[in-house]
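Visitor: I am new to this structure and would like to learn how its descriptions are justified. Could you take me through the reasoning?

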Amino acid sequence: MLYHKKDLSVRNLEPEDAKLLVKWLSDPVVLEYYEGRDRPHDLAMVQEHFYEDTPEGMIRAIVRYGSEDIGYVQFYPIDDDERAEYGYTDSAGSIYGMDQFIGEPRLWNKGIGSLLVRETVIFLLEKRVDKIVMDPQCWNHRALRVYEKNGFVRKKLLPEHEWHEGEYKDCWLIEYCGT
């Protein structure tokens, strides 16, 4: 187990979790916010995207709430290209990116995503990470509210940053500064 708080626990992704990822990432309700409804994942896509060619230092994990696996989180040191793109070339210290989703829509709007973000931030700060960044799409107001509620601030608009459902979408670079 990577970390645990109340009913929430986060553990490393295992090979047998591929079926969970297929379930979540073939649900159009989930895909509307993560990957896009035009990109339903089958087992081959999950294997390629989540199990093969994992960047150095990336942690991929399953989120558990109570006795049920409910979502996914990943965090990783951003590389030099991302530092340049985000404007961190002159920043010393470790900067991590973070992505997550709750794969069970019936559990949305219950504070679980907020708890996940908060506990992941605490975990990363304990690992001596200096900054944590994410790049949510601008239209995803619910996610932005969760992130801002947990201390992230909008740093930079990223125009046409992410391909989603047939077009490039604007994103916000958001940052949590642990120092």
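**Reasoning from values to terms**

Visitor: Why is Cys-171 called buried?

Guide: This is a predicted model, and in it Cys-171 has a relative accessibility of 0%; since buried means under 20%, Cys-171 therefore counts as buried.

Visitor: What makes the sulfur of Cys-171 unable to count as part of a disulfide?

Guide: A disulfide needs two cysteine sulfur atoms within 2.5 Å, whereas the closest cysteine sulfur to that of Cys-171 belongs to Cys-138 and lies 6.3 Å away, which is too far for a bond. The structure as a whole holds zero disulfides, and Cys-138 is likewise in no disulfide.

Visitor: How do you know how the span of helix H5 compares with the expected one?

Guide: Helix H5, residues 112–126, has 15 residues, and from its first C-alpha to its last it reaches 21 Å, close to the 21 Å expected at 1.5 Å a residue. Its buried residues include Ile-112, Leu-116, Val-117 and Phe-123, and just after H5 Arg-128 takes a positive phi of about 70°.

Visitor: How many helices and strands does the protein chain have, and why is the chain called as compact as a globular protein of its length?

Guide: The protein chain has six helices and eight strands. Its radius of gyration is 16 Å, close to the 16 Å that the globule rule gives for 179 residues, so the chain is as compact as a globular protein of that length. Of those 179 residues, 45% count as buried, and the C-alpha trace spans about 40 × 40 × 30 Å along its principal axes.

Terms used
Residues numbered from 1 in each chain as written. Predicted model: local features only at pLDDT ≥ 70, side-chain atom pairs only at ≥ 80, totals over all residues. Heavy atoms only, no water. Buried < 20%, exposed > 50% of the residue type's maximum accessible area, 1.4 Å probe, protein only. Helix = DSSP H or I, 4+ residues; strand = E, 2+ residues; numbered from the N terminus. Expected span 1.5 Å × (residues − 1). Rg over C-alpha atoms; globule rule 2.2 N^0.38 Å.
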